[in-house]
Structures are given as structure tokens and as C-alpha cells.
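Visitor: I have a structure in front of me and would like to be walked through it with care. Could you show it to me before we begin?

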Amino acid sequence: MNIEYIEDFIKVAEYQSLNHASKLLNISTPALSKRIKRVEEYFEGDLFYRTSRGIFLTEYGVLVLSKVKIIKSDIDELKAETSKNGDATIRVGLLPSFSLYKWAEKKEALIQQRLSIKIESNTQILLDHLHNGDIDVVIGDITATENNQLYSKVLYREKYMVVFPRTSDLRLSDSIFASNLINEKILLLNPPCDTLSFIQKHLSKTKMNLEHKNDLESILASVNAEQGITIIPQSLIIRVESMNLLIRELENHSREVGLIAYNKEILQKVWSILSEYIV
């Protein structure tokens, strides 16, 4: 059993709901269910019984919960002690857009500040790494998490941009709103995808024709071939500027990119480093 599954078990026991716990832990409900199954297999017994009203601890589960809470507390104390070591390298996970937009010119200077870097395609994958203990801090979309155990701090705000071919009727509009996109084929990355999460959260009432592709290059090539449009964060515009495409702001919509971590002291330390070089 992975040691990270201890928190999963505790959260499910506290909230008596896989759905609620999965949202707080920023993992899918099926993935959380599999983790709970691994915990039960490790302890060789049923820790929960399931009903239409929720998921509840068995008598054996109550015993296991009381013990693993002590273990979790000891682990948290140990991690806090080791993180106080000022010479320790801080593992930072970040988005490709941040890497291009804010990181590239300062990379060497920041590495000298003992930051190790892991780049992933979207915030959800980074949050999974954070939850699993693979990284210490995420630089991603702050609105992507609802976990009240996480600390966060905004680095910058950026708009969402609509990218479309020069033949599109969108060129006739000075301002583009979500309602203007109803009849458009919108090309996005395969889920999980930050822009898709943004659309599902903020534009769910606007019916949109979405099609998914494997990478941004494929999306932009399709837009260039007049096979649809796309929506991307402003920081990725650098990938588009050399192409014969039009770019407009999506009115009234933006996102906050910032630091996300379980440890407030580590978050503040990374904030201090980045503030000197980037913010």
C-alpha cells in the first residue's frame, strides 16, 4: 500500500462519501475507489460498507482509522521537521505555459536557488503529483482545486484567448463573448485539460461543440486549416504569433495562476524566490 493512501482513507471515513472526498483530494472518484480497495487489501478486510446513503466504516475500519491517524500525524511532523532544512531542494511542478511565459529567461538563476522542476500538461496532473508527494509545490491554475487543506498564492492573472482562422465570421466581432462560440467547433486537448475544466466550470450553460486532440500543435494546425477554433490561456499566445491566425480576448473570463502546496512555509519560500526573479 502506498503511504499516500492513508490520507485518502481518512478523508473517505470523515466525509462518508467517495464523491465528496475525491473533490477535496483532487482525484477522480473511480481512482479514489481503487485506492480505498488497495487499503482494504493491505489490511486484509473490509474497512467500509456501502449503502445508498454513503460509505461507512465497519467495526474493523474504526480500529484501523484510529491507528492510521496516529501514523499520519507522525508522518506530518517528520515531514515538517525535514522541510525546515534550508539546504533542501524544493520540487516544483509547473505548467508548460508558465515555463514559456515566465520561466525560460530566469531558469538558470532559479535552479541555483535549489528548485527542481517537473513540467506537466495540466494542473490536475500536477495536483496528483502533489498529493502523492512527488513534488512540494504546484505552479498552476488555482481555481482547479477545492481542497481546503491546500495553501495557495496568486502569481499572476491572465485572460483566455480565442484563436481562429482569418476566414472565420468571428473576425467581424470587435469583442468575443462565450455566446459567440455556440456555432463553432472548439478544439481542445484531451482531458484532463485546464481549458476544458474552465469551460465545464464557467461555461457549462453555454452549449458548445467540443472536439479533443492529443497536443497543441495538432490543434493549431487544424485551426490553420479552417477546421475549427480554439481557446487557450494568454501565456500560450507565443505559440500562435508566428502563424497566420487571429487572436481575440474571450471577454469576462480569466484565470489565476499561482502556487499551491500543503506546506505553507515551503509555499512562502518559493513565493519569495519567484518574487525576486519573476513576479
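Guide: Contact, as I use the word here, means heavy atoms within 4.5 Å. Please keep in mind throughout that this is a predicted model.

Visitor: How many helices and strands does the secondary structure of the protein chain come to?
Guide: The protein chain has 279 residues, of which 43% are buried. Its secondary structure comes to 10 helices and 10 strands.

Visitor: Which residues in α3 do the residues of α2 meet?
Guide: On the side of α2, the residues taking part are Leu 18, Asn 19, Ala 21, Ser 22 and Leu 25. Sorted by class, the contact of α2 with α3 has five nonpolar, four polar and no charged residues. On the side of α3, the partners that they meet are Thr 29, Leu 32, Ser 33 and Ile 36.

Visitor: Are α1 and α3 roughly parallel or roughly perpendicular?
Guide: The axes of α1, residues 5-15, and α3, residues 29-42, come within 9 Å and cross at roughly 105°. Angles of 65 to 115 degrees count as roughly perpendicular. Because the crossing angle is roughly 105°, α1 is to be described, with respect to α3, as roughly perpendicular.

Visitor: How does the contact of α1 with α3 divide into nonpolar, polar and charged residues, and what are the numbers?
Guide: In α1 the residues are Tyr 5, Asp 8, Phe 9 and Val 12, and they meet Leu 32, Arg 35, Ile 36, Arg 38 and Val 39 in α3. Divided by class, the residues of this contact are six nonpolar, no polar and three charged.

Visitor: How many residues of α7 are buried?
Guide: The buried residues of α7 are Thr 123, Leu 126, Leu 127, His 129, Leu 130, His 131 and Asn 132. The helix is mostly covered, and the count of buried residues among its 10 is seven.

Visitor: Which residue takes a positive phi just after α7?
Guide: At the start of α7, a side-chain oxygen of Asn 122 reaches to within 3.1 Å of the backbone nitrogen of Gln 124. Just after α7, a positive phi of about 85° is taken by Gly 133.

Visitor: Is Asp 136 buried or exposed?
Guide: Asp 136 lies in the loop between α7 and β5. Leaving aside neighbours within four places in sequence, Asp 136 is in contact with Thr 89, Ile 90, Arg 91, Leu 130, Ile 260, Ala 261 and Ile 266. A residue counts as buried under 20% relative accessible area. Because the relative accessible area of Asp 136 is 13%, this residue is buried.

Key
Residues are numbered from 1 along each chain as its sequence is written. This is a predicted model: local features need pLDDT of at least 70, side-chain atom pairs count only at pLDDT 80 or more; totals for chains, interfaces and linings use all residues. Side-chain values use heavy atoms; hydrogens and water are left out. Helices (H or I, at least four residues) and strands (E, at least two) are DSSP runs, numbered from the N terminus. Buried means under 20% relative accessible area, exposed over 50%, partly exposed in between (1.4 Å probe, protein chains only). A polar contact is a pair of N or O atoms within 3.5 Å; within protein, one must be able to donate a hydrogen and the other to accept it, and residues adjacent in sequence count only if both atoms are side-chain atoms. Axes are lines fitted to C-alpha atoms, for helices over the stretch in contact, and angles run from 0 to 180 degrees between N-to-C directions. Angles under 35 degrees count as roughly parallel, over 145 as roughly antiparallel, 65 to 115 as roughly perpendicular and the rest as oblique. Ala, Val, Leu, Ile, Met, Phe, Trp, Tyr, Cys and Pro count as nonpolar, Asp, Glu, Lys and Arg as charged, and the others, Gly among them, as polar.
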